[in-house]
Amino acid sequence: MATVEVTQENFNQVVSGNNMVIVDFWAPWCGPCRSFAPAYETASEKYPDIVFAKVNTEEQQALAGYFQIRSIPTLMIFREKIIIFAQPGALPTSALDQVIDKAKALDMNQVRAEIEKEQAKAPKSG
């Protein structure tokens with residue numbers, strides 16, 4: 001599957017409509033982004049059950065700002081609408097495969113339970 005160009009308009013639809021979405025925040029002028037692109041494309045073909053999305057931070061500045069992208073490329077993985085991985089920097093193919101395999105193996109019930117536990121500890125404002 002080829003990568004999907006994501007914009008502020010379709011971001012929620014892409015993330016909400018798919019079990020697992022990997023987002024590459026990049027820019028055309030970014031050398032590391034361009035060198036990471038072939039590994040990202042290869043992974044998108046290797047894992048057809050995952051949506052591979054790209055956000056051009058030059059064109060989608062509001063989206064990049066919302067996710068506080070300070071360095072590109074930044075890779076973010078959403079699973080069941082929850083961010084389970086976020087890391088700046090280009091990954092070699094083997095490391096990208098490892099991250100994807102770990103993300104697929106996560107027990108999302110356990111992740112949700114951890115989030116609920118953290119939210120319960122947070123002081124209530126108001």
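## Salt bridges and strand β4: exercises

Ile22 stands across from Ile77 in β4. The model is predicted, so local features need pLDDT of at least 70 and side-chain atom pairs count only at pLDDT 80 or more, while totals for chains, interfaces and linings use all residues. Residues are numbered from 1 along each chain as its sequence is written, and side-chain values use heavy atoms, with hydrogens and water left out.

**Exercise 1.** Determine which strands pair with β4, and in what sense.

*Solution.* Strands (E, at least two residues) and helices (H or I, at least four) are DSSP runs numbered from the N terminus. Two strands pair if DSSP finds at least two bridges between them.
- Step 1: β2 and β4 run antiparallel and are joined by 6 bridges.
- Step 2: β4 is also antiparallel to strand β5 (residues 82-88), again over 6 bridges; Thr74 has Pro88 as its bridge partner in β5.
- Step 3: β4 and β5 form a hairpin with 2 residues between them, and Glu80 in the turn has a positive phi of about 50 degrees.

**Exercise 2.** Decide whether the residues of β4 are buried or exposed.

*Solution.* Buried means under 20% relative accessible area, exposed over 50%, and partly exposed in between (1.4 Å probe, protein chains only).
- Step 1: Thr74, Met76 and Phe78 point one way from β4, whereas Leu75, Ile77 and Arg79 point the other way; all are buried.
- Step 2: With 6 of its 6 residues buried, strand β4 (residues 74-79) is largely enclosed by the rest of the structure.

**Exercise 3.** Locate the partners of Asp24 and Asp97 in salt bridges.

*Solution.* A salt bridge is a side-chain nitrogen of Lys or Arg within 4 Å of a carboxyl oxygen of Asp or Glu. The whole structure holds 6 salt bridges.
- Step 1: Asp24 meets Lys54 at 2.8 Å, N to O. This pair links distant parts of the chain, 30 residues apart: Asp24 is in strand β2 (residues 20-26) and Lys54 in strand β3 (residues 51-56).
- Step 2: Asp24 counts as buried at 1% relative accessibility, and Lys54 is buried at 11%.
- Step 3: Asp97 bridges to Lys46, with the closest N and O atoms 2.8 Å apart. Asp97 lies in helix α4 (residues 93-105) and Lys46 in helix α2 (residues 31-46), so the pair ties together parts 51 residues apart in sequence. Asp97 is buried, with a relative accessible area of 13%.

**Exercise 4.** Describe the salt bridge of Glu114 and Lys117.

*Solution.*
- Step 1: The N to O distance is 3.8 Å.
- Step 2: Glu114 and Lys117 are 3 residues apart in helix α5 (residues 108-121), so about one helical turn separates them.
- Step 3: Glu114 is partly exposed at 38% relative accessible area, as is Lys117 at 47%.
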